[in-house]
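Here is a walk through how some helices pack in one model, with a stop at a few single residues along the way. Keep the viewer open as you read.

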Amino acid sequence: MRMTRGQTKERNRRALLEAAREVLARDGHRARLEEIADRAGLTTGAVYSLFGSKDGLVTALVAEHLRGDYEEAEREVGADLDLVGAVGAFARLYRRGCRGPRARSDLALQAALMDMALRDEALRSRLADSIAAQEERLAALFAGRDHGGAPVGADRARRLATALRALLVGMGQGVVLGLTRADERFFADAARALVCDAVLEGPGPGVSAGVRGPGG
């Protein structure tokens with residue numbers, strides 16, 4: 001059956017994102033748009049048509065990666081859990097991702113994106129905005145859950161989400177690099193320790209420019 005125009009567009013979009021993931025993880029800021037397009041079986045014109053620029057493609061790649069992680073979390077972290085239980089479940093899910101088939105390539109991509117962001121202020125700003133927008137989904141996963149007999153408000157959930165993501169990214173990198181053998185229980189215990197007044201009631205976090213690690 002012949003694909004519709006919309007289906008063709010989505011197929012090309014996904015082919016470019018997958019090609020960009022592979023080339024950027026290998027070459028970082030030296031990645032050539034021509035090679036990305038060629039690997040996807042397309043031309044550079046398709047990149048500009050679908051993403052506007054190389055930076056647009058990179059930003060979309062990060063957003064796609066984070067979106068998939070948070071969608072999985074929304075499916076796996078039960079709505080009936082209180083705040084402490086939800087944080088622990090999310091941390092366990094993140095740790096399982098560190099054993100996934102793409103864990104090492106995800107870490108290579110993370111390193112490449114960090115290098116690119118440090119070299120390009122405009123790209124750094126775009127990535128920060130994209131990551132902050134996706135982090136709101138993590139905050140929404142925790143907002144409204146019971147903690148100490150009361151629902152957690154949006155601001156407190158945002159502070160927790162920022163601290164939790166930073167903790168898990170660092171711990172996850174250690175696992176993938178073989179620097180630590182921390183298991184799911186340790187991840188969950190460390191994450192639950194963040195559910196405290198010092199984090200929930202502290203000053204609001206600024207926009208984070210970090211790039212998500214593997215599995216998270």
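## Helix packing and a few residues

The axes of helix H7 (residues 121-142) and H8 come within 8 Å of each other and cross at roughly 115°. Before going further, note that this is a predicted model, where local features need pLDDT of at least 70, side-chain atom pairs count only at pLDDT 80 or more, and totals for chains, interfaces and linings use all residues. Residues are numbered from 1 along each chain as its sequence is written, and side-chain values use heavy atoms, with hydrogens and water left out.

Some vocabulary helps here. Helices (H or I, at least four residues) and strands (E, at least two) are DSSP runs, numbered from the N terminus. Axes are lines fitted to C-alpha atoms, for helices over the stretch in contact, and angles run from 0 to 180 degrees between N-to-C directions.

### H8 and its two partners

So how do H7 and H8 sit relative to each other, roughly parallel or roughly perpendicular? They are roughly perpendicular, given that angles under 35 degrees count as roughly parallel, over 145 as roughly antiparallel, 65 to 115 as roughly perpendicular and the rest as oblique. Their crossing is right-handed (the near helix is turned clockwise from the far one by less than a right angle; anticlockwise would be left-handed). On the H7 side, the meeting residues are Ile131, Glu135, Glu136, Leu138, Ala139 and Phe142, and on the H8 side they are Ala157, Arg158, Leu160, Ala161, Thr162, Leu164 and Arg165; contact here means heavy atoms within 4.5 Å. Sorted by type, the residues of this H7 and H8 contact come to eight nonpolar, one polar and four charged. For that sorting, Ala, Val, Leu, Ile, Met, Phe, Trp, Tyr, Cys and Pro count as nonpolar, Asp, Glu, Lys and Arg as charged, and the others, Gly among them, as polar.

H8 (residues 154-176) also packs with H5 (residues 83-97): their axes come within 10 Å and cross at roughly 30°. H5 and H8 are therefore roughly parallel to each other, and H5 passes H8 in a right-handed crossing. H5 brings Leu83, Val87, Phe90, Ala91, Tyr94 and Arg95 to the contact, while H8 brings Leu160, Leu164, Leu168, Val169, Gly172 and Val175. That contact divides into ten nonpolar residues, one polar and one charged.

Ala163 is in H8 too. This alanine is partly exposed, with a relative accessible area of 24% (buried means under 20% relative accessible area, exposed over 50%, partly exposed in between, with a 1.4 Å probe and protein chains only). Not counting residues up to four places away in sequence, Ala163 touches Leu194 and Val199.

### H1 against H6

Next stop: helix H1 (residues 5-27) and helix H6 (residues 103-119), which pack at an angle of about 70° with their axes 8 Å apart. That makes H1 roughly perpendicular to H6. Arg21, Leu24 and Ala25 in H1 meet Ser105, Asp106, Ala108, Leu109, Ala112 and Met116 in H6. The tally for this contact is six nonpolar, one polar and two charged.

### Along H4

Which residues does the side chain of Glu64, in helix H4 (residues 54-76), make polar contacts with? One partner is the side chain of Arg14, at 2.8 Å, and another is the side chain of Arg67, at 2.9 Å. A polar contact is a pair of N or O atoms within 3.5 Å; within protein, one must be able to donate a hydrogen and the other to accept it, and residues adjacent in sequence count only if both atoms are side-chain atoms. Beyond four places in sequence, Glu64 touches Arg13, Arg14 and Leu17.

Ala63 is in H4 as well, and is buried, with a relative accessible area of 11%. Setting aside neighbours within four places in sequence, Ala63 is in contact with Ser130 and Gln134. Asp55, another H4 residue, is in contact with Asp120, Leu123 and Arg126 on the same terms.

### Strand E1 and some distances

His147 is in strand E1 (residues 146-147) and counts as partly exposed at 24% relative accessibility. Leaving aside neighbours within four places in sequence, His147 is in contact with Leu83, Val84, Val152, Arg156, Val195 and Leu200.

Here are some pairs, with their separation along the chain and in space:

| Pair | Apart in sequence | C-alpha to C-alpha |
|---|---|---|
| His147 and Val84 | 63 residues | 7.4 Å |
| Ala63 and Ala133 | 70 residues | 8.8 Å |
| Asp55 and Leu127 | 72 residues | 9.1 Å |
| Ala163 and Gly6 | 157 residues | 39 Å |
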